[in-house]
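Here's a protein model to explore. Have a look at the picture below, and then we'll walk through it piece by piece.

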Amino acid sequence: MLSSAQASIPSLEAESMEPKSILCFGDSNTWGMAPDGSGRLPFETRWPNRLQQILNQQNPHHQSWTVFEQGLNSRTWVMDDPLGAVNYGGDYSCNGRHDLPMILHSCKPLHVVILALGCNDCKSHLNLSAEEITSGAKILIHDVRMSYQCGPHNSNRPPAIVLVSPGVIQTTPQSLAWGFKGATAKSRLLPSLYRNLAEQESVCFFDLQTVAETSPLDGVHFGADQQDPIAAGLAALIPTIAS
């Protein structure tokens with residue numbers, strides 16, 4: 001018969017049924033900015049939360065999934081951008097590399113990390129080419145892989161990585177006010193460059209431009225009707241790479 005102390009110790013079987021975890025690390029399109037300027041889309045609508053719902057609906061009797069929603073307005077891959085944050089109080093760093101290590105360790109153990117950045121790197125005042133933006137993605141892929149014990153529990157492996165390209169940035173009065181002059185052509189180049197990088201780095205690639213369109217209201221963000229196609233596309237991919 002087990003003592004009360006022994007009975008309180010979680011079993012290995014219980015540990016094995018801990019939810020598989022996904023980190024969605026991105027910008028305002030991961031945070032869920034509404035294109036009409038009304039603020040944040042509802043919790044149940046935003047694609048990271050829909051991703052969790054879809055994955056759990058697909059396998060109701062198997063190990064569940066937990067998704068960590070970590071989007072930040074104006075976040076870039078590796079650039080400091082004080083102009084980018086000024087509309088949101090100007091009191092935080094937009095540099096994704098600055099945030100990533102802390103978030104990885106606060107959310108670990110992780111089975112999958114979704115890296116969904118590059119939109120804000122297209123701003124004209126940052127003066128980055130599409131190739132330079134892609135180099136920023138390479139740096140964060142490396143950082144995820146080098147994160148100490150952030151992968152699945154009792155594993156020496158890093159999390160699986162999904163690299164997500166930005167949507168096509170449209171020219172609108174609002175996108176121009178945010179600094180996206182000339183960003184349409186640059187954003188169209190990123191999927192092929194990201195795909196090549198993903199092949200070189202042996203990570204998964206998801207082309208957002210094939211499943212969703214940015215809203216003509218602001219030219220940058222995805223409306224509520226675009227959240228499900230994003231979530232469904234990722235939900236089809238993730239079970240094939242998460243072990």
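## A ring pair, a sheet and its helices

Let's start with something small: there is 1 aromatic pair in this structure. Which way do the rings of Trp 77 and Tyr 194 face each other? Their planes sit at 65° and their centres are 6.2 Å apart, so this pair counts as edge-to-face. As for where the partners live, Trp 77 is in the loop between β2 and α5 (82-85), while Tyr 194 belongs to helix α9. That means the pair ties together parts of the protein that are 117 residues apart in sequence.

Before going further, keep in mind that this is a predicted model. The protein's mean pLDDT is 92, and 93% of its residues reach 70 or more. What about residues 9-14? Their pLDDT is below 50, and beyond near neighbours in sequence this stretch has 0 contacts in the model.

Now for the sheet. It's an open one with 5 strands, paired in parallel and ordered β2-β1-β3-β4-β5. At the edges you'll find β2 (65-71) and β5 (204-206), each pairing on one side only. On average, neighbouring strands here are turned by 20° against each other, ignoring direction. Zoom in on β3 (residues 112-116) and β4 (residues 160-164): these two pair in the parallel sense over 4 bridges. Within that pairing, Val 113 stands opposite Ile 161 in β4.

Two helices that pack on the sheet are listed here:

| Helix | Strands touched | Direction angle |
|---|---|---|
| α6 (residues 96-107) | β1 (20-26), β2 and β3 | about 165° with β1 |
| α9 (residues 183-201) | β4 and β5 | about 165° with β5 |

Helix α9, the home of Tyr 194, also has a helix partner. Helix α7 (residues 130-146) packs with α9 at an angle of about 35°, and their axes are 9 Å apart. Is the crossing of α7 and α9 left-handed or right-handed? It's right-handed.

Who actually meets whom? On the α7 side, the residues include Ala 130, Ile 133, Ala 137, Ile 141 and Arg 145. On the α9 side, among them are Lys 186, Leu 189, Leu 193, Leu 197 and Glu 201. Tyr 194 is also one of the α9 residues in this contact, so besides meeting α7 it takes part in the edge-to-face pair with Trp 77. Taken together, the residues of the contact between α7 and α9 divide into 9 nonpolar, 1 polar and 5 charged.

Methods. Residues numbered from 1 in each chain as written. Predicted model: local features only at pLDDT ≥ 70, side-chain atom pairs only at ≥ 80, totals over all residues. Heavy atoms only, no water. Pairing = 2+ DSSP bridges. Axes fitted to C-alpha atoms, helices over the stretch in contact; angles between N-to-C directions. Contact = heavy atoms within 4.5 Å. pLDDT = per-residue confidence, 0-100. Left-handed = near helix turned anticlockwise from the far one by under 90°. Nonpolar A, V, L, I, M, F, W, Y, C, P; charged D, E, K, R; others polar. Phe/Tyr/Trp six-rings, centres within 6.5 Å; stacked < 30°, edge-to-face > 60°.
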